Amino acid sequence: MSKFWSPIVHALTPYVPGEQPKIQNLIKLNTNENPYGPSPKVIAALQAEAADSLRLYPDPDSSRMKAAIAEYHGLQTNQIFVGNGSDEVLAHIFQALLKHDHPLLFPDITYSFYPVYCGLYGIQYETVPLDAQFEIAIDDYLRPNGGIIFPNPNAPTGIPLPLAEIERLLQANKDSVVVVDEAYVDFGTESAVALVSRYPNVLVTHTYSKSRSLAGLRIGYAVGDAGLIEALIRVKDSFNSYPIDRFAEAGAVAALQDDDYFQQTRQQVIAAREQLVSNLRALGFEVLPSGANFIFARHPQYAGEQLAAALREQAVIVRHFKKPARIADFLRITIGNDTQNQVLVKALRGVLQA
Ligand code: PMP
């Protein structure tokens with residue numbers, strides 16, 4: 001801390017990312033990465049890019065990536081905004097579209113970056129409690145607001161909200177922007193992308209960090225009405241007019257072109273999740289319904305922190321949140337490959353029997 005800091009930096013509580021351990025041979029189930037690595041076509045595209053053109057600046061409009069995404073979703077390129085991971089895309093959304101006189105609304109249990117952006121950009125917000133089943137209750141958002149944001153499926157619960165509920169919200173909420181953060185949507189949750197051409201106030205964000213297995217390349221994007229996208233471009237051009245680097249663009253385009261690999265790996269993750277859910281239920285865990293590549297589970301007899309520490313001693317790391325108190329007994333566990341999931345279940349069985 002120093003006297004030179006601006007007041008906003010003094011007041012900030014920065015986001016704490018999940019641990020990226022420095023030691024090898026851990027079963028790493030704590031940050032929702034994909035166990036299967038990217039498509040081999042992505043690696044080939046990165047090699048070609050390295051050989052050809054690193055001397056040159058990237059395309060400030062990310063035209064190739066926007067064209068590929070537009071084709072994939074059946075949209076126009078002016079409905080697409082690209083950034084370094086969806087975290088950066090969200091930062092631009094908060095700054096460009098969510099600061100108004102009324103408070104921004106988001107769930108009380110959700111992605112913990114949202115309050116950090118509010119602090120950074122001076123946005124007032126109110127949290128809306130999840131219901132007794134840990135679900136988002138749309139009726140609680142139907143009041144004057146400066147914007148609404150939630151992940152679907154929600155994080156860290158993993159619970160999906162049906163598309164019909166999002167449409168019901170959009171029917172009732174026409175005067176502010178609704179952001180649906182679909183970081184985990186490809187693992188069995190209905191996407192709201194189809195709504196963006198019908199509602200001028202909905203933005204949907206996606207990432208390539210999860211279902212495309214490219215967390216290391218930092219690729220995210222938003223889709224929405226061209227008027228909303230224009231606001232994001234204004235902010236981007238005032239911040240860093242080169243949104244993503246050459247590797248990221250080449251890798252993203254190659255990943256989109258290998259749909260077979262994408263479908264195969266995401267189905268593998270979904271099947272492994274179902275298997276893991278039934279194994280954990282057999283051990284006495286309560287597991288919330290998941291439409292994501294992670295599950296949120298608690299055991300009636302063991303504190304979450306105690307379980308996470310015991311797993312760590314056996315070289316398995318999962319995510320545990322101390323706050324809010326309502327979720328302090330849960331573990332958020334990323335779906336690994338079959339071997340990793342088996343090691344996890346065996347380790348938990350050992351802890352519970354000890
Ligand atoms: N939204 C949610 C709900 C997330 O959990 C994450 C991952 N931490 C992100 C967005 C950001 O992902 P990325 O920046 O890797 O695209």
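Helices and strands are named here as DSSP runs, helices (H or I) having at least four residues and strands (E) at least two, and they are numbered from the N terminus. On that footing S213 can be placed in the loop between β7 and β8, and the rest of this predicted model can be described in the same terms.

The chain is best approached through its two domains. According to the domain assignment, domain 1 is made of residues 7–37 together with 260–353, whereas domain 2 covers 40–258. The C-alpha centres of the two domains are 24 Å apart, and the contact between them involves 31 residues of domain 1 and 26 residues of domain 2. On the domain 1 side, the elements that supply two or more of the touching residues are α1 (7–11), α9 (259–282) and β10 (294–298), and α9 gives the largest share, with six residues. Sorted by class, this side of domain 1 holds 19 nonpolar, seven polar and five charged residues.

A record offers another division of the chain: an unreviewed UniProt entry annotates residues 25–348 as "domain: Aminotransferase class I/classII large". Over that stretch the chain is 39% helix and 15% strand, and the C-alpha atoms at its ends are separated by 18 Å.

From the domains one can turn to the interior. The largest nonpolar core has 93 residues, of which I93, V204, A222 and A297 touch the most other members, and helix α4 provides the largest share of this core, seven residues. Because domain 1 (7–37 + 260–353) and domain 2 (40–258) both give residues to the core, it lies between them. A297 shows how one of these residues is surrounded: apart from neighbours within four places in sequence, A297 is in contact with L280, F285, E286, V287, F330, L331 and I333.

The ligand site comes next. Around the ligand stand G85, S86, D87, Y111, P151, A155, D181, A183, T207, S209, A215 and G220. Helix α4 (residues 85–97) contributes the largest share of this shell, three residues, and α4 is also the element with the largest share of the core just described, seven residues. By class, the shell divides into five nonpolar, five polar and two charged residues.

For K210, the unreviewed UniProt entry lists "modified residue: N6-(pyridoxal phosphate)lysine". K210 is found in the loop between β7 (202–207) and β8 (220–224), and it counts as buried because 25 C-beta neighbours lie inside 10 Å, where 20 or more are required. Not counting residues up to four places away in sequence, K210 touches N32, N34, A183, Y184 and N293; of these, A183 is also among the residues around the ligand. The loop that holds K210, between β7 and β8, is also where S213 lies. S213 has a positive phi of about 60° although it is not a glycine, and, with 23 C-beta neighbours inside 10 Å, S213 counts as buried.

N32, one of the residues that K210 touches, likewise has a positive phi of about 60° without being a glycine. N32 is found in the loop between β1 (27–29) and α2 (40–52), and it is buried, with 23 other C-beta atoms within 10 Å. Such backbone features stand out because most residues other than glycine have a negative phi, and most peptide bonds are trans.

The loop between β5 and α6 supplies the exceptions in the peptide bonds. The bond from N152 to P153 is cis, with omega near 0°, and P153 has its place in this loop. A further cis peptide bond joins A155 and P156, with omega about 5°, and P156 lies in the loop between β5 and α6 as well. I159 belongs to that loop too, which runs between β5 (148–151) and α6 (163–172). I159 is buried, with 22 other C-beta atoms within 10 Å, and, leaving aside neighbours within four places in sequence, it is in contact with F134, E135, P153, N154, L288 and P289. The C-alpha atoms of I159 and I136, 23 residues apart in sequence, are 8.7 Å apart in space.

Helix α6, which follows, contains A164. In contrast to the buried I159, A164 is exposed, with 10 other C-beta atoms within 10 Å. The C-alpha atoms of A164 and E190, 26 residues apart along the chain, are separated by 9.5 Å.

Methods. Residues numbered from 1 in each chain as written. Predicted model: local features only at pLDDT ≥ 70, side-chain atom pairs only at ≥ 80, totals over all residues. Domains from an automatic or database assignment. Contact = placed C-beta atoms within 7 Å. Nonpolar A, V, L, I, M, F, W, Y, C, P; charged D, E, K, R; others polar. UniProt positions renumbered as here; feature names shortened; annotations may be inferred. Near = placed C-beta within 6 Å. Core = buried A, V, L, I, M, F, W, Y, C linked by C-beta atoms within 7 Å. Buried ≥ 20, exposed ≤ 12 C-beta atoms within 10 Å, placed from the backbone.
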